[in-house]
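Below is a set of questions and answers on one chain. The sequence and structure come first.

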Amino acid sequence: MEWKEFYIPKRSGGKRLITAPDKQLKEKQSAILSKLYEIYYPFSEFHYAFGGLLFKSIKQSAEKHIGKQVVIRLDIENFFDNIDKETLIRILEEDFKKKDVKNPEILLRKIEKYCFYNDRIPQGAITSPFLSNIYLIVFDKTISSIAKLGYYNYSRYFDDLTFSFNSKKMMMEKLDDDKNIAKQPLEIGEIIGTVKENLNKLKLKLNYEKIKIMTRNKRQSVCNVTVNEKININKKYYKLLRAIKHHFDNDRETTITKEQYLGHLAFVHSISPEIVEKLSCK
């Protein structure tokens, strides 16, 4: 059993390193993932997470932010690479104890043996998306605690955090130290500060270069999906795919394979099926 490394293009540009398991290792991970699904079913703890979960998608995440005055998008820096092994194992141990998992030490040993590579959960492992969501269960609960009051929306797609609301100031009453309502608004800066503070507790960092605050008079985008009035494919992303299609149609070299391009088309179809034909290769 071994791992192999290769690069794939990011939707936003650039390349992403993927470390993927071979067939035998993937089978081990598949069995572990099935057991984790069984333990965490019906996934109520992942209410605000939309990536790496059954029956949830980018489209559903984007729909939470349609027609808002302000959309804030934050990013966790090098998310998968920076998930701390010791912290993740501790979280799993505590969860397994609370959920009364039989022989938890056996499953934990398998996770350590088959799901980590150089003490990290690789992006190519089929267990990594779900393990990353487990890592952020408490984080999501903390960040969304005020959202439950109904004044702003929060969703997370892996390392992409999105907030939206209908005022440039958060018209929000926040909780004080005793969990009582404190009569003061939660502003944009406080949201960013709260996210940073809670990421630091998990040895993660906020990527300040990717902070985006998008008002209604500009294009508001969530994971390449525009949400100003309705969900639609981001124009910049559409133009990129058009350029790649042109290269394929003219037998020119591209940065991605035909199979990878078809994956992008499947994503486009889930958001705006009416434009897929325009992007289909000859």
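## Sheet and chain

Strand β3, residues 70–75, pairs with β8 in the antiparallel sense, over four bridges. The model is predicted.

Q: Which residue in β8 is the bridge partner of R73?
A: Strands β3 and β8 are joined by four bridges in the antiparallel sense. For R73, the partner in β8 is K212.

Q: Which are the edge strands of the open sheet with the order β4-β5-β3-β8?
A: The open sheet has four strands, with antiparallel pairing in the order β4-β5-β3-β8. An edge strand here pairs on one side only. That applies to 153–157 and 212–215, which are β4 and β8.

Q: What is the average twist from one strand to the next?
A: The strands concerned are those of the open sheet β4-β5-β3-β8. From one strand to the next, the twist averages 15°.

Q: Which helix packs on the sheet, touching β3, β5 and β8?
A: Touching here means heavy atoms within 4.5 Å. The helix spans residues 188–200, and its direction makes about 20° with that of β3. Its name is α8.

Q: What percentage of the residues of the chain count as buried?
A: A residue counts as buried under 20% relative accessible area. The chain has 282 residues, and the buried part is 45%.

Q: Among contacts between residues at least 6 apart in sequence, what percentage join residues at least 24 apart?
A: The chain that makes these contacts has eleven helices and eleven strands. Of its contacts between residues at least 6 apart, the part joining residues at least 24 apart is 64%.

Note on methods. Residues numbered from 1 in each chain as written. Predicted model: local features only at pLDDT ≥ 70, side-chain atom pairs only at ≥ 80, totals over all residues. Heavy atoms only, no water. Helix = DSSP H or I, 4+ residues; strand = E, 2+ residues; numbered from the N terminus. Buried < 20%, exposed > 50% of the residue type's maximum accessible area, 1.4 Å probe, protein only. Pairing = 2+ DSSP bridges. Axes fitted to C-alpha atoms, helices over the stretch in contact; angles between N-to-C directions.
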